[in-house]
Amino acid sequence: MRTRFTWIVAILALVAVGVLVACSTKYSSSSNGLLVVPTQGAAVMQTFSIDLSNGHVSTINNVNGPPTNGLPTAVILDPPGKFAYVIVYANPAVNNSATGIETFSVASDGKLTAIGTTPLTNPVAIVMDSAGKFLFVANGSEGTVSVFSIGSNASLSEVPNSPFPLALPTGGQAPSASALAVTPTVYPELYASCSGFSAPTTENLYVTDSVNYEILNYSVDPSGALNPKGVSATVPGVPTGTVPSGVTVDPCNRFAYVANAGVSNSVSAYTICSVVTQICPRADYSLHEVTGSPYVVGDAPGPLAVDAYASFLYVVDTGSSELSAFRISQSDGTLTPLTPATVATNTGANSPNSGANSIAIRSDDSWLFVANINSATLSQYAIVPATGALTAQTPITTFNYPSG
């Protein structure tokens, strides 16, 4: 039997990506919505269908769900929704388990089938580019980023010179990669300020260092290689708050936001210099902190996400089990708290702390989900696109310890 170990909580503190929602041409259910959830209690993957007219969720998978090849944490889908990629950790409770990235195919009925596991030593966060061409993995205390080229049937091939080491600042300590985000090469089709404009064909990767409290900038060349774009010869990154634990880029490629989980309990906001402005003398994708940053949020902020229309930012406060919600200024990226400024996640019948650990927003801006590891539920919210307001729905019951 697979059981949960106390050290799982330590792993979750590093997870920056979690619950995953997709609308895929491969998924043909009449509900036209798919929700993918890894659970640690049984080390399995669950899938749910979403009725987009009312948000009602029903289970797709069989009773136990397909097993994972280790304790699962973060999960992402490729852009077409054909494959899922999950970080797994070896554990004695899971037979023949391994640490690395496990891949699953997504069938037309929404069920998952395991394909294989690519070994890694300490993966803590995972992200994919807009084209589904590269997979980027932050390798925790190793202080590196692994880059994989994605081939047919979700095959992963590590690019030359990967993993790429994080730069060590002068006088700094050995770096630890905690989260990453990649700039978009596809813009939202509707309702965003950038809709109808051409997205850039090049991309940059931003990686947070939770030890030296900085965010590092890398350009991604066509082969997937990472080229560091330091502030100077002696300053590799831009300062963040204490213990940066999450990072996201807005879908219009203008701003980046970092969750600082240390004593500052804040979100740092940055302008991405993708075009020349008064603030940006060069279109070099460098980061410049927004006036008024950082912004105070709840306890131990971690995963965070910008909505599909690039108007609102939602932050998972893992220590206080709530969401901090902000409106994003379309001109300069400053953040204004919504009313209410925070929304509680499900506390569960027997848990004063739900263990909120991950977030996902549907691409049509209709629904937001948060996994609660301590209460075996997903919190679900209806989004009001005009205001960003969240209306809590009935929590979704999962297997024990949903971790993404």
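This is a short dialogue between a student and a tutor about reading the features of a predicted model.

Student: Where do we start, and how many helices and strands does the protein have?

Tutor: Let's begin with the secondary structure. In this predicted model, the protein has one helix and 32 strands.

Student: What does the radius of gyration say about the overall form?

Tutor: The idea is to set the value beside the one for a compact globule with as many residues. For 404 residues that would be near 22 Å, and the protein has 19 Å, which agrees. Along the principal axes, the C-alpha atoms fill a box of roughly 55 × 45 × 40 Å.

Student: What share of the residues is buried, and what does the surface consist of?

Tutor: A residue counts as buried when its relative accessible area is under 20%. By that cut-off, 60% of the 404 residues are buried. The accessible surface comes to about 15500 Å², and carbon and sulfur atoms account for 55% of that area.

Student: How many charged side chains are there?

Tutor: The protein has 11 positive and 22 negative side chains, and the centres of these two sets lie 7 Å apart.

Student: What share of the contacts comes from residues far apart in sequence?

Tutor: Among contacts with a separation of 6 or more, 51% are between residues 24 or more positions apart. A good example to look at is T39, in strand β2 (residues 34-39). With a relative accessible area of 0%, T39 is buried. Beyond its neighbours within four places in sequence, T39 touches residues including V44, Q46 and P72, and also T398, F399, N400 and Y401.

Student: Is G81 buried or exposed, and what is its relative accessible area?

Tutor: G81 is buried, at 2%. You will find G81 in the loop between β5 (71-77) and β6 (83-89). G81 and V106 are 25 residues apart in sequence, with their C-alpha atoms 7.1 Å apart in space.

Student: How is a pair of aromatic rings described?

Tutor: You need the distance between the ring centres and the angle between the planes. A search of the whole structure finds three aromatic pairs. In one of them, Y191 and Y309 have ring centres 5.3 Å apart and planes at 70°, so the pair is edge-to-face. This pair joins distant parts of the chain, 118 residues apart: Y191 is in the loop between β14 (177-182) and β15 (203-209), and Y309 is in the loop between β24 (301-306) and β25 (312-317).

Student: Which of the two tyrosines is buried, and which is exposed?

Tutor: Y309 counts as buried, at 14% relative accessibility, whereas Y191 is exposed, at 65%.

Student: What sign does phi have in most residues, and what form do most peptide bonds take?

Tutor: Most residues other than glycine have a negative phi, and most peptide bonds are trans. Y191 is worth a second look here: its phi is positive, about 75°, although it is not a glycine. N253 also has a positive phi, of about 70°, and it is not a glycine either. N253 lies in the loop between β19 (244-249) and β20 (255-260) and counts as buried, at 1% relative accessibility.

Student: Where can I find cis peptide bonds?

Tutor: The bond from S162 to P163 is cis, with omega near 5°. P163 sits in the loop between β12 (156-158) and β13 (164-165). The bond from T339 to P340 is cis too, with omega near 0°, and P340 lies in strand β27 (residues 335-344).

Definitions and conventions:
Residues numbered from 1 in each chain as written. Predicted model: local features only at pLDDT ≥ 70, side-chain atom pairs only at ≥ 80, totals over all residues. Heavy atoms only, no water. Helix = DSSP H or I, 4+ residues; strand = E, 2+ residues; numbered from the N terminus. Rg over C-alpha atoms; globule rule 2.2 N^0.38 Å. Buried < 20%, exposed > 50% of the residue type's maximum accessible area, 1.4 Å probe, protein only. Contact = heavy atoms within 4.5 Å. Areas by Shrake-Rupley, 256 points an atom, 1.4 Å probe, with all protein chains shown as cover. Lys, Arg positive; Asp, Glu negative; His and termini not counted. Charge placed at Lys NZ, Arg CZ, Asp CG, Glu CD. Phe/Tyr/Trp six-rings, centres within 6.5 Å; stacked < 30°, edge-to-face > 60°.
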